[in-house]
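Colleague: Could you take me through one part of this model in close detail? I would like to see how its charged side chains are arranged and how that part sits in the rest of the chain.

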Amino acid sequence: MTERSQTGRGRTEPHRGVPAPQYAGEFGGDEQRRDARALWVEEPARRHPLPDPVRAAAVRAVIVMALTLVQAMAAFLCTLAGSWLALPMVISGVASTVVATWAVVDVWVTRQVWNQRYGVVSEPSSTARALRRERRARRRQDRAALREQERIRRRGGAGQLSHS
């Protein structure tokens, strides 16, 4: 079995040395109950992780935005101090604001392109999933009707209601 499924089923993880959760009937004292609680309980993710290109664009955007904020703070402090660096810092701050905006738009565009290329997001409310389900049901009905027609033909009752 996989490591993920074992942690939730009361098994231990020897490589981490952390006891897995025990059941209430297996021990007696309050002290043992406190010790038996797991330090880390792995829960399934609510959403799928971001695709790699989208994650890369998001990391780039966060780094560019962080640098822009640091630059804006430096420009503000240079302005307060009356330093000669204030004007170049403000000008470059405006430029990096444009770059940060581009980086955020890049994340959005990359996500849209990925969704368009690799299909719909797999969620139960997806429209495409409902359409596929309807198509499959229609095909099933068509196949069942064809089988029924073949069965009638094999019996020799091609259109006859009664034998005379």
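Modeller: Happy to! Let me start with a definition: helices here are DSSP runs of H or I, at least four residues in length, numbered from the N terminus. With that in hand, Arg 153 and Glu 150 both lie in helix α5, 3 residues apart, which is about one turn of the helix. Please keep in mind that this is a predicted model.

First, the setting. The protein holds 5 helices and 0 strands, and its pattern along the sequence reads α-α-α-α-α. Of its 164 residues, 15% count as buried.

Now to α5 itself. This helix covers residues 127-155. Its 29 residues reach 43 Å from the first C-alpha to the last, close to the 42 Å expected at 1.5 Å a residue. Just after α5 comes Gly 156, which takes a positive phi of about 90°.

The charged side chains are the part you asked about. A patch of positive charge on the surface gathers Arg 132, Arg 133, Arg 135, Arg 136, Arg 138, Arg 139, Arg 140, Arg 143 and Arg 147. One of these, Arg 139, is found in α5 and has a relative accessible area of 44%. Arg 139 counts as partly exposed because that value falls between the 20% cut-off for buried and the 50% cut-off for exposed. Residues enter such a patch with over 30% relative accessible area and no salt bridge, and the 44% of Arg 139 is in keeping with the area cut-off.

Other charged residues of α5 are paired. The structure holds 4 salt bridges, among them one between the side chains of Glu 148 and Arg 151, at 2.2 Å from N to O. Glu 148 and Arg 151 both lie in α5, 3 residues apart, about one turn of the helix. An α-helix has 3.6 residues a turn, so residues three or four places apart point the same way. Both partners are partly exposed: Glu 148 has a relative accessible area of 35%, and Arg 151 has 31%.

Then we come back to the pair I opened with. Arg 153 forms a salt bridge with Glu 150, and their closest N and O atoms are 2.8 Å apart. Arg 153 counts as exposed, at 52% relative accessibility, whereas Glu 150 is partly exposed at 38%.

For context, helix α3 (residues 52-81) offers another pair with this spacing: Arg 55 and Asp 52 both lie in α3, 3 residues apart, about one turn of the helix. Their side chains meet in a salt bridge of 2.7 Å, N to O. Arg 55 is partly exposed, with a relative accessible area of 36%, while Asp 52 is exposed at 55%.

Helix α3 also has a residue in a patch of another kind. Met 73, Phe 76, Leu 77 and Leu 80 make a nonpolar surface patch of about 440 Å². Leu 80 is found in α3 and is exposed, with a relative accessible area of 59%.

To put α5 back together for you: Arg 139 lies in this helix and belongs to the positive patch, the pair of Glu 148 and Arg 151 forms a salt bridge, and Arg 153 forms another with Glu 150. Gly 156, with its positive phi, follows just after the helix.

Note on methods:
Residues numbered from 1 in each chain as written. Predicted model: local features only at pLDDT ≥ 70, side-chain atom pairs only at ≥ 80, totals over all residues. Heavy atoms only, no water. Patch = residues over 30% accessible without salt bridge, like charges linked within 9 Å, V, L, I, M, F, W, Y side chains within 5 Å. Areas by Shrake-Rupley, 256 points an atom, 1.4 Å probe, with all protein chains shown as cover. Lys, Arg positive; Asp, Glu negative; His and termini not counted. Charge placed at Lys NZ, Arg CZ, Asp CG, Glu CD. Helix = DSSP H or I, 4+ residues; strand = E, 2+ residues; numbered from the N terminus. Buried < 20%, exposed > 50% of the residue type's maximum accessible area, 1.4 Å probe, protein only. Expected span 1.5 Å × (residues − 1).
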